[in-house]
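Have the sequence and the 3D view ready, and let's take a walk through them together. We'll go one topic at a time.

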Amino acid sequence: MKNNNKKIIVSILVGAMLLTSATAVSAASVWGSRSSSMMGTGMTETYAAKTNALSYSDLTGGIVTADDLFSKRDLKQEADLSEASCITVEDGQTISITAEGVYVLTGTAANCTVKIEADKEAKVQLVLDGVSIVNDDFPAIYVVSADKVFVTTTEGSENTLSVTGTFKADGETGTDAVIWSKEDLLLNGKGTLTVTSAKGNGITSKDDLKITGGTLNVTALLDALEANDSIVIYDGNITVSSKKDGLHAENDEDDSIGYIWIGGGTLNVTATDDAIHGTSFVQVDGGTITVSGAEGIEGTYIQINGGEITVYGTDDGLNGANKSSAYETAVEIAGGTLNVTVGQGDTDAIDSNGNIYMTGGTVNITASGSFDYDGTATYTGGTIIVNGQTVNSITNSMMGGMGNMQMGGRH
């Protein structure tokens, strides 16, 4: 992970604190201990407090910003071609790039890999200008080392990358995506890139994955877009279809990262599991987002500040799940328009294993169970519509369709 995430590392490792919040109504609002008996069954649940985690008072107003995440070059949609090298892809070829620079790729090939193995300080830009690569079992673009790799589509170009079979390893490195990068990876441009993965992931970065422009279509058996540290979207027209997660960010070694930020663009996600999954947090500041999955959006801390968001979940629409020790478990809605529909049964439109905070925006819910929370709910602003009726409190549904029971809802 590079400097764009320094703010988060510093705030967690240096400024971490016990869970306190001026707006929270009690210790229970930040995962305080609580036990309750439900429906007379004697069922008891106990919630242990998190310590040294960032809470609502630390996070409200925005966890990260575009200025934290993007450089000026990240946002440029055209490459400087004045000193570019031109490469035509060929069947069975491994194109080895070992130096910083701009490389324009054209042509059609089978079993061809663009392999980047450059200095750790090198910035490499691949410019896709009508390129098509179909491989049997290895990435079309394979980043072993660099500081950052840009994949930029030229204006009006159509580019396709696909892998049709099961991925093979490169020594001890398991490659499992059509574009696989050990380093920071950024996608942008003014053309179209279509990525298809029949047996694995679509695009994987073992660091940060950024999208700032262009049209991107990804179809994958496993995760469509995957990153260890973060997936961040500034702009672009993105369509994702996955038999697993649509967007998945998770770091097995550091649960303070593995997050998703969306600030703009158009995003359409259809997934069998989670449409959007950020282990530490998911922050939406803007954009037009339409997602469908077993769960629409899942993260330890979900923060909605803006955007036009439409969610369908066969299980839960939004799920604040206790996946990270670094953040309070909560769903916060501060702005934007959020339309949530869930399937029948033990389902909830907005489900938090901790707390719910709503201070603004509009939430329009179609569900038998609207809100389910294990901590408390704080409602100080915004509009809530449940099954066509405007309501003035957040009620606890408890176990999906069990009747919108009022438990601690606040206005």
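What follows covers confidence, a strand and its partners, a cavity, and two asparagines.

First, some ground rules: this is a predicted model, in which local features need pLDDT of at least 70, side-chain atom pairs count only at pLDDT 80 or more, and totals for chains, interfaces and linings use all residues. Residues are numbered from 1 along each chain as its sequence is written, and side-chain values use heavy atoms, with hydrogens and water left out.

So how sure is the predictor? That's what pLDDT tells you: its confidence in each residue, from 0 to 100. The chain averages 88, with 85% of its residues at 70 or more. Among the elements, strand β13 (residues 192–197) has the highest mean, 99, and strand β1 (residues 37–38) the lowest, 32. (Strands are DSSP runs of E, at least two residues, numbered from the N terminus.) Over residues 1–47 the pLDDT stays under 50, and over residues 399–411 it is below 50 too. Where pLDDT is low, don't read the predicted coordinates in detail.

Now find strand β18 (residues 230–233). Ser230 and Val232 point one way, Ile231 and Ile233 point the other way, and all are buried, meaning under 20% relative accessible area. β18 runs parallel to strand β15 (residues 208–211), joined by 4 bridges; strands count as paired if DSSP finds at least two bridges between them. Here lysine 210 sits opposite valine 232. β18 also pairs with strand β21 (residues 259–262), again in the parallel sense over 4 bridges, and there serine 230 faces tyrosine 259.

Next, look for empty space. A cavity is a set of points, on a 1 Å grid over the protein atoms alone, where a 1.4 Å probe fits but cannot get out, and its lining residues have an atom within 4 Å of a point. The largest cavity has a volume of about 70 Å³, counting the space filled by probe spheres set on the points. Val151, Leu187 and Ile211 are among the residues that line it.

Finally, which way does phi usually go? Most residues other than glycine have a negative phi. Asparagine 111, though, has a positive phi of about 50°, and it lies in the loop between β5 (101–110) and β6 (113–117). Asparagine 387 also has a positive phi of about 50°; look for it in the loop between β35 (383–386) and β36 (389–391).

Key. pLDDT is the predictor's confidence in each residue, from 0 to 100. Contact means heavy atoms within 4.5 Å. On a 1 Å grid over the protein atoms alone, a cavity is a set of points where a 1.4 Å probe fits but cannot get out, and a pocket is an open set with protein on both sides within 12 Å along at least five of seven lines; lining residues have an atom within 4 Å of a point. Buried means under 20% relative accessible area, exposed over 50%, partly exposed in between (1.4 Å probe, protein chains only).
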